[in-house]
Amino acid sequence: MVVTTSQISALDKSLGRLEWPRLCQQLATFASTKRGMRQLQGGDILGSTQAASQVLLAQTAEVIALETVHQGRLDFSQVTDIEPALERLDHQGCLQGTELLAIAHLLSAARQQRRQIEEHEQLNELQQLVGGVRTYPEVTQEIYRCITDQGQVSDRASPELAQIRQQQRQCRAQIQQQLQQLLQQRASAIQEAVVTQRRDRYVLAVKATHKDQMPGIVHDLSASGATLYIEPQETIDLQNRLQQLAHQEAEAERAICQALSDQLAAISDDLWYLLDVLTTLDMAVARAHYSLWLQGNPPQFVSDTRLHLKALRHPLLVWQEHYEQGQKVIPIDIEVQPATKVVTLTGPNTGGKTATLKTVGLAALMAKAGLYVAAAAPAELPWFTGIWADIGDEQSLTQNLSTFSSHICNIRDILTELEVAGGNTLVLLDEVGAGTDPSEGTALAIALLRYLAERASLTFATTHYGELKALKYQDSRFENASVEFDEETLAPTYRLLWGIPGQSNALAIAQRLGLHPSIVEGAKAFLSGDSNSVNEMISGLVAQRQVQESKTTAAATLLRDTEALYQEIATKAQELRQRQQQLRQQLEEEVRTALSRAQQEIAKVIAQLQRANSPEQVQAAQTALHQIEKTYLPPPPPAGFIPQPGDRVRLPQWQQVGEVLSVSQQGDIVVQVGSVKFTVPPHAVESLKGEPVHTPSKPKPGPPPPTSRTPAPAIRTESRTLDLRGKRTHEAEPLLEEFLNRQQGTVWIIHGHGSGALRQFVHQFLDQHPSVQSYHLAPPEEGGRGVTIVQL
């Protein structure tokens, strides 16, 4: 069915005018799977509600935390697009070996990703996402048993198939032996002493002039006709037998694939759900990687209509700067108060007014889609139910629409949808009222903006009409903003100025573009005095604004220097405290040395008293000695550094520096790195000088009470032993997981000697399993390096 323009909603048209599909194409390049890439390219990734957008943002933030804080990474290398295979399963179809292997890889990858996510308690949204996933390790194991790594049915799949292939090998050996004998016996008739194939039949290259010496079936001849490819009469029966075995082999392989397909068809719904979850994870990873590349910050949704977007950048221009040799992107500041309903943007052509509209619109869309916004933190904006835009010239000769008519049709459609929309709404209008008589266009634009002030939550409109600039002074719901123009260079600076209406600077731009000076001077003569007065007033406001900005910059520099001085003083104070602590430790060491010397002297007195046979005096001397030691010998100072709130500390595991917010009674430390807060144990933190955190020593537990019985030694039985010899790593993983989950105490795992790869895999698996307390290689009499003993 052909979809006409009139059938597309104004909301969907607005996405195109804001170039949202182009941004989605760029976002899709960060996806790892074809299915995730297709969904991102489709552009239908906006959260339908504010809660849905917050879930998407939480997923993005948790992927970033997984990769930057926990040093993890979700692997999608084994995830392929199995959607066509699942569709065939829904129709009771039979899958090929490669398709079965792809599904097994998918199940294995999902099991690995779920285990990786569940290791970190902070990943709440990701854990909820994978919580309902079933990975069927027994089905995965069966597929790996029956299908080789190349996607072929293995001999292990069934005894019947193994027997057929054994017969095939024997039959081929007989055919090869017979053909080699013929090559020797009839060498004079042979063109080339090799055995080749034609139409899956073994043939010999025979000279055409000697074909009578080689009775058989001619399957082919050379281009010159001098060579005939003949299947000798002696091998026809054997090759017919080989063809029959090949047919039997195909039937056996199909039966095996059909049995596996039937198992998968029974869990088709779970496989579809699993595929959707992995696609959602891939899209979350793509959003995270794009947000990191963009150096964005997480948006915060506010309940009113204020916008706080400092240093906001146009994401498409950032891409163009990095990959298409575009110009450096100049950020803008968007600061809209809750009472403002309409922002009127004015200024010269090519000054960045339209780019500002698109930047605001894309920022709102990115927040809805769970993407970070290319702005400084905190990035605050409402969650908009609808975002409409009328940008660009859509005149159509086929529909008999002029520029003005096309704008009016777009605005009509926007107002129609705006009437039924709820929640916060954003309207972006470019050159409102343009394309017709200036007086009528001005009147229409004023009426339209006042209408939108009543019905839309927020409206941005660009214009060149001077009357629209005066609306701010008549209605408190209106605000002026302008793009800056450098009158010395006669070029726009692309900076956004708030509270000041802008000049069109048409004559200055015409002069810069090379229009004849006499024409420009003639145009200036036609300007009215009032117009010149207004322009001079605006120029004065801009100059005053520049002076204030210069003072603000100077104040910021002074503040920065003051903070640096404060930091220097704080560093000096810290050094003094450390020096004081060193002196205290030195003094304590001297006291300890003096007491030790006194102890030696008193020991001599005790020895003398012992020789004098005075036990009472000896006891009194010992008591006095201990009393001196308790009174004057201070406890040893704690080793390491004790963090306090406000201290700057280093996280060596993640190569990050953060600020201590609090320290719990259990010793856990809350650290803020940038805008991210997380809790770490004491051993994960050190001072900026590399000192470890001091951990109070725990009292040693007393000796355990005597028991009346000794626990029985672990006995190795068949049920407590798992034999993995001959297994590949992907076959061993589900066996290990199932075996360890149903065992307790001591178990034995036989992996053999071999190259050591299976032993290494088993030990890596045991390191990550939560039930494993310890493990070690068995003594020589129990298998040595070929057996691992595990304590659960």
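Two strands are said to pair if DSSP finds at least two bridges between them. The legends below apply this term to a predicted model.

**Figure 1. The protein as a whole is built from helices and strands.** The predicted model contains 22 helices and 23 strands. Of its 792 residues, 42% are buried. Among contacts with a separation of 6 or more, 66% link residues that lie 24 or more positions apart. The accessible surface amounts to about 43,200 Å², and carbon and sulfur atoms account for 52% of this area.

**Figure 2. Strands β3 and β4 belong to an open antiparallel sheet.** The sheet has 4 strands, arranged in the order β1-β2-β4-β3. Its edges are formed by β1 (190–198) and β3 (216–221), each of which pairs on one side only. From one strand to the next, the twist averages 35°. Strand β3 is joined to strand β4 (residues 227–232) by 5 bridges, and the two run antiparallel. Within this pair, I217 stands opposite E231 of β4. In a regular strand, side chains alternate between the two faces of the sheet.

**Figure 3. Helix α10 lies across three strands, namely β2, β3 and β4.** The helix spans residues 236–266. Relative to β2 (201–207), helix α10 runs at about 150°.

**Figure 4. The largest nonpolar core comprises 127 residues.** The residues with the most contacts inside this core are W20, L264, L281, L307, I334 and F460. Helix α11 (residues 268–294) supplies the largest share of the core, with 15 residues. Apart from this core lies another, of 22 residues, which includes V432, I446, A453 and A461. In soluble globular proteins, nonpolar side chains tend to be buried together.

**Figure 5. I334 is shown with the residues that it touches.** Leaving aside residues up to four places away in sequence, I334 touches L307, H308, L309, L312, T356, V360, F460, L496 and W498. Two of the residues named here, L307 and F460, are listed with I334 among those with the most contacts inside the largest nonpolar core.

**Figure 6. Strand β23 pairs with β21 and with β22.** Strand β21 (residues 746–750) and β23 are antiparallel and share 5 bridges. In this pairing, T746 stands opposite Q791 of β23. Strand β22 (residues 774–777) is also antiparallel to β23, with 4 bridges between them. Here L777 has T788 of β23 as its bridge partner. Because 4 of the 5 residues of β23 (residues 787–791) are buried, this strand is largely enclosed by the rest of the structure.

**Figure 7. Cysteine C146 lies in a structure that holds 0 disulfides.** The closest cysteine sulfur to that of C146 is in C257, at 8.7 Å, which is too far for a bond. A disulfide requires the two sulfur atoms to lie within 2.5 Å. C146 has a relative accessible area of 2% and is therefore buried. Another cysteine, C409, counts as partly exposed because its relative accessibility is 21%. The cut-off that applies to these two values is 20%, under which a residue is buried.

**Figure 8. V663 is found in strand β16.** The strand covers residues 656–663. With a relative accessible area of 38%, V663 is partly exposed. V663 and P643 are 20 residues apart in sequence, and their C-alpha atoms are 7.8 Å apart in space. Not counting residues up to four places away in sequence, V663 touches P643, D668 and I669.

Terms used:
Residues are numbered from 1 along each chain as its sequence is written. This is a predicted model: local features need pLDDT of at least 70, side-chain atom pairs count only at pLDDT 80 or more; totals for chains, interfaces and linings use all residues. Side-chain values use heavy atoms; hydrogens and water are left out. A nonpolar core is a set of buried Ala, Val, Leu, Ile, Met, Phe, Trp, Tyr and Cys residues joined through side-chain atoms within 4.5 Å. Buried means under 20% relative accessible area, exposed over 50%, partly exposed in between (1.4 Å probe, protein chains only). Contact means heavy atoms within 4.5 Å. Axes are lines fitted to C-alpha atoms, for helices over the stretch in contact, and angles run from 0 to 180 degrees between N-to-C directions. Accessible areas come from the Shrake-Rupley method with a 1.4 Å probe; for residues, only the protein chains shown count as cover.
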